[in-house]
Amino acid sequence: MIANFLFLYSISAFALHCETLIHPFSPAMVSGSFGEYRPGNRYHHGLDYKTYNRNGLPVFSPADTYVSRIHVSDTGYGYALYLSSNSYYFILAHLNDFQGKYQDLEHLRYAVDKLKPGKTASLTLPYRFSFKQGEQVARTGESGIGPPHLHFEAGKDGFFYDPLSLPGLKIDDDEAPELLNLYIEEGSLHTIYQLSEIRTNESDKINLRKRTFELKNVVNVSSPFLLSIGTFDRMGTKNRNSVFMYRLYEDDKMIYEHKLDKIHSSDLIRAFRTYHQAFSIMGREYVCVLYSSEKKVMHDEKKVHNFRIEVYDAAGN
Ligand SMILES: [Zn+2]
């Protein structure tokens with residue numbers, strides 16, 4: 001009897017941790033990636049699906065879920081649904097309406113929108129509107145801020161996760177990120193080197209598959225100095241997204257690594273940990289700092305530095 005109970009328990013615990021998700025929108029083309037720099041020192045802590053300038057396209061439940069909250073606003077998320085599953089909570093934002101499996105849900109949105117006192121209203125719901133994975137929950141739109149697209153967040157235990165790193169949500173992407181510029185700061189002086197230009201130097205080695213860049217005897221700086229790289233990644237569309245991970249090596253020893261697969265909710269307005277705010281331009285170039293932005297660790301030894309920089313996207317390109 002006891003053995004039986006233990007067996008059942010371990011099976012359900014296993015199921016809980018291995019919830020396989022589906023994309024809430026198809027085709028899954030990304031116009032904004034997780035962890036991108038946004039003005040105001042913010043991280044974009046969701047994934048944006050391209051809806052090709054159209055509204056009213058079906059949005060699906062990424063797992064077996066229920067609606068825990070509806071959000072209605074003239075700004076920000078616009079019309080948004082908060083869903084809960086066994087393992088995650090999800091937010092689907094900028095919706096056109098809540099047309100889907102439940103007509104009542106759309107009536108509720110309409111009523112709250114008409115009755116809301118200011119620009120924004122939220123309503124926590126009891127367990128009433130439940131969905132099987134893949135059932136239609138709403139329709140895409142452009143409510144709140146931005147052009148037509150679907151914004152999708154996945155959270156768990158206080159963290160927001162890169163949806164592309166969750167089970168079932170990998171996308172086809174074989175384009176490696178681009179390295180554009182190298183930024184060197186010495187005190188108040190900053191120098192920008194276009195990597196495409198100094199790549200021609202004989203002593204530089206470039207591995208295009210992994211976008212590895214080696215910098216040898218190219219740049220002369222007096223100490224101390226800080227390094228940043230200007231980079232972006234495409235995910236099957238023309239949009240320039242941020243990169244997933246980057247590394248700095250000195251003489252083949254890794255001295256800095258930064259990876260953005262999840263962000264704690266208390267860190268959402270600490271994008272300075274990843275990005276150089278003065279140099280990053282959303283949608284064009286994301287300037288990533290190659291040092292701990294809190295400690296401001298500098299390279300200050302007076303010697304010849306041999307650096308290698310690697311950048312990766314979520315698909316490992
Ligand atoms: Zn978004």
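Here are a few friendly notes on how strand S8 fits into this predicted model.

1. Let's begin with the whole chain. The protein chain has 317 residues, and 35% of them count as buried. Its secondary structure comes to three helices and 23 strands, so do look at the strands as you turn the model around.

2. Contacts along the chain are worth a look too. Take the contacts between residues at least 6 apart in sequence: 71% of these join residues at least 24 apart.

3. Now find strand S8, which covers residues 89–97. Which strand forms a hairpin with S8? The partner is S7, with four residues between the two strands. S7 spans residues 79–84 and runs antiparallel to S8, and five bridges join the pair. To see one pairing up close, find Leu83, which stands opposite Phe90 in S8.

4. Next, follow S8 to strand S12, made up of residues 149–156. These two strands also run antiparallel, and five bridges join them. A good place to look is Ala93, because you will find His151 of S12 standing opposite this residue.

5. How many bridges join S8 to strand S11? There are two, and these strands run antiparallel. S11 covers residues 136–140. Here Leu95 has Thr140 in S11 as its bridge partner.

6. To put the picture together, start at S8 and visit its partners in turn: S7, across the hairpin, then S12, with five bridges, and S11, with two. Happy exploring!

Note on methods
Residues numbered from 1 in each chain as written. Predicted model: local features only at pLDDT ≥ 70, side-chain atom pairs only at ≥ 80, totals over all residues. Pairing = 2+ DSSP bridges. Buried ≥ 20, exposed ≤ 12 C-beta atoms within 10 Å, placed from the backbone. Contact = placed C-beta atoms within 7 Å.
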